Amino acid sequence: MDILPGNSAKSPLIHYVAYLVEDTEMPPVGKGEPLTAAQIGLLRAWIDQGVPWDAAMPTNILAFSISPTL
């Protein structure tokens with residue numbers, strides 16, 4: 001698990017985005033812009049708060065299904 005709710009210091013996701021462990025950086029070096037210190041701080045706060053997630057999903061999401069035809 002990459003997120004340990006309530007413990008950002010031990011959450012691998014933070015290690016990845018904060019470039020704390022070599023060869024696990026996200027995004028990889030040269031493949032995109034790394035998160036700013038402020039963004040990492042927000043992510044840490046969210047994890048430390050227990051990873052709250054609003055269960056109310058928007059109702060205006062496009063949904064579709066695909067069925068094979070013969």
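**Exercise 1. The whole chain**

What percentage of the 70 residues of the protein chain count as buried? Work it out, then describe the chain's helices, strands and surface.

*Solution.* Keep in mind that this is a predicted model.
- Step 1: Start with burial: 11% of the 70 residues count as buried.
- Step 2: Look for regular elements, and you'll find two helices and zero strands.
- Step 3: Turn to the outside. The accessible surface is about 5800 Å², and carbon and sulfur atoms own 63% of that area.
- Step 4: Finish with the contacts between residues separated by 6 or more positions: 44% of them link residues 24 or more positions apart.

**Exercise 2. The nonpolar core**

Find which residues make up the largest nonpolar core, and say which elements they come from.

*Solution.*
- Step 1: List the members. There are five: Ile 14, Val 17, Ile 40, Leu 43 and Ile 47.
- Step 2: Assign them to elements. Both α1 and α2 give two or more residues to this core, and α2 has the largest share with three.
- Step 3: Connect this to a broader pattern: nonpolar side chains tend to be buried together in soluble globular proteins.
- Step 4: Zoom in on one member. Setting aside residues up to four places away in sequence, Ile 47 touches a string of residues that includes Ile 3, Leu 4, Pro 5 and Ile 14.

**Exercise 3. A serine before the first helix**

Decide whether Ser 8 is buried or exposed, and track down its partners.

*Solution.*
- Step 1: Locate Ser 8: it sits in the segment before α1.
- Step 2: Check its relative accessible area. Ser 8 counts as buried because that value is 3%, and the cut-off for buried is under 20%.
- Step 3: Search for partners beyond four places in sequence. Ser 8 is in contact with Ile 14, Arg 44, Ile 47 and Asp 48.
- Step 4: Pick out the polar link: the side chains of Ser 8 and Arg 44 form a polar contact of 3.5 Å.

**Exercise 4. A buried charge**

Glu 25 has no salt bridge, so what does its side chain reach instead?

*Solution.*
- Step 1: Place Glu 25 in the loop between α1 (12-17) and α2 (37-48).
- Step 2: Look for an opposite charge. Glu 25 is buried, and the nearest side chain of opposite charge belongs to Lys 31, 12 Å away. A salt bridge needs the charged atoms within 4 Å, so this pair doesn't make one.
- Step 3: Check the backbone. The Glu 25 side chain reaches the backbone nitrogen of Asp 23 at 3.1 Å.
- Step 4: Add the contacts from further along the chain: Glu 25 touches Tyr 16 and Tyr 19, leaving out residues up to four places away.

**Exercise 5. Backbone surprises**

Identify the cis peptide bond, then find residues other than glycine with a positive phi.

*Solution.*
- Step 1: Follow the loop between α1 and α2 to Met 26 and Pro 27. The peptide bond joining Met 26 to Pro 27 is cis, with omega near -5 degrees.
- Step 2: Describe the surroundings of Met 26. This residue is partly exposed, at 42% relative accessible area. Outside its neighbours within four places, Met 26 is in contact with Tyr 16, Val 17 and Tyr 19.
- Step 3: Move to Tyr 19, also a loop residue between α1 and α2. Its phi is positive, about 55 degrees, though Tyr 19 isn't a glycine. Tyr 19 counts as partly exposed because its relative accessibility is 29%.
- Step 4: Go past α2 to Val 51, where phi is near 60 degrees, again positive in a residue other than glycine.

How values were computed
Residues are numbered from 1 along each chain as its sequence is written. This is a predicted model: local features need pLDDT of at least 70, side-chain atom pairs count only at pLDDT 80 or more; totals for chains, interfaces and linings use all residues. Side-chain values use heavy atoms; hydrogens and water are left out. Helices (H or I, at least four residues) and strands (E, at least two) are DSSP runs, numbered from the N terminus. Buried means under 20% relative accessible area, exposed over 50%, partly exposed in between (1.4 Å probe, protein chains only). Lys and Arg count as positive and Asp and Glu as negative; His and the chain ends are not counted. A polar contact is a pair of N or O atoms within 3.5 Å; within protein, one must be able to donate a hydrogen and the other to accept it, and residues adjacent in sequence count only if both atoms are side-chain atoms. Contact means heavy atoms within 4.5 Å. A nonpolar core is a set of buried Ala, Val, Leu, Ile, Met, Phe, Trp, Tyr and Cys residues joined through side-chain atoms within 4.5 Å. Accessible areas come from the Shrake-Rupley method with a 1.4 Å probe; for residues, only the protein chains shown count as cover.
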